[in-house]
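Here are a few notes to read alongside the structure, written as one colleague to another. I hope they help you find your way around.

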Amino acid sequence: MRLKKRKDKKVAASGEDEKEEKYYCSVCGREINEEEYKTYDGMCRECCDDQLTEESEMMFKDLM
Ligand SMILES: [Zn+2]
């Protein structure tokens, strides 16, 4: 995890301050990056894996 120290606050004056949005996994609340957010549909990778497993398990049950 990277720690960013923001010393100067003069940034905002010229345009947007860094467009660094924070994303959080909708399941476990962990902080994720934008890429993960987009890729995994708002979840972190692990939760996405979990969901996929659950879904496929449900599908299996449907089949049986
Ligand atoms: Zn998660």
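1. A word on the source before anything else: what you are looking at is a predicted model. Its secondary structure amounts to two strands and two helices, and reading from the N terminus the order is β-β-α-α. Of the 64 residues, 6% count as buried.

2. Helix α2 is a good place to start. This helix takes in residues 45–63, 19 residues in total. Its end C-alpha atoms lie 27 Å apart, and the span expected at 1.5 Å a residue is also 27 Å, so the two values agree.

3. Is α2 buried or in the open? The number of its 19 residues that are buried is zero, so the helix lies largely in the open.

4. Now to the loop between α1 (34–39) and α2, where Asp41 is found. Please have a look at the backbone here: phi of Asp41 is near 65 degrees, a positive value in a residue that is not glycine. As for its surroundings, Asp41 has 11 C-beta neighbours inside 10 Å and therefore counts as exposed, the cut-off for that class being 12 or fewer.

5. Tyr40 also has its place in the loop between α1 and α2. With 20 C-beta neighbours inside 10 Å, Tyr40 counts as buried, because the class begins at 20. I find it helpful to view Tyr40 and Asp41 together: the former is buried, whereas the latter is exposed.

6. Which residues does Tyr40 touch, leaving aside its neighbours within four places in sequence? The contacts are with Arg45 and Cys48. Both of these numbers fall in the range 45–63 of helix α2. On another side of the sequence, Cys25 is 15 residues away from Tyr40, with a C-alpha to C-alpha separation of 9.1 Å.

7. Moving to the strands, Arg30 is found in the loop between β1 (23–24) and β2 (31–32). It has 14 C-beta neighbours inside 10 Å and so counts as partly exposed.

8. Arg30 deserves a second look for its partners. Once neighbours within four places in sequence are set aside, Arg30 is in contact with Tyr24, Cys25 and Cys44. Of these, Cys44 is 14 residues from Arg30 along the chain, and the C-alpha atoms of the pair are separated by 7.2 Å. Tyr24, another of the partners, has a number within the range of β1 (23–24).

Notes: Residues numbered from 1 in each chain as written. Predicted model: local features only at pLDDT ≥ 70, side-chain atom pairs only at ≥ 80, totals over all residues. Helix = DSSP H or I, 4+ residues; strand = E, 2+ residues; numbered from the N terminus. Expected span 1.5 Å × (residues − 1). Contact = placed C-beta atoms within 7 Å.
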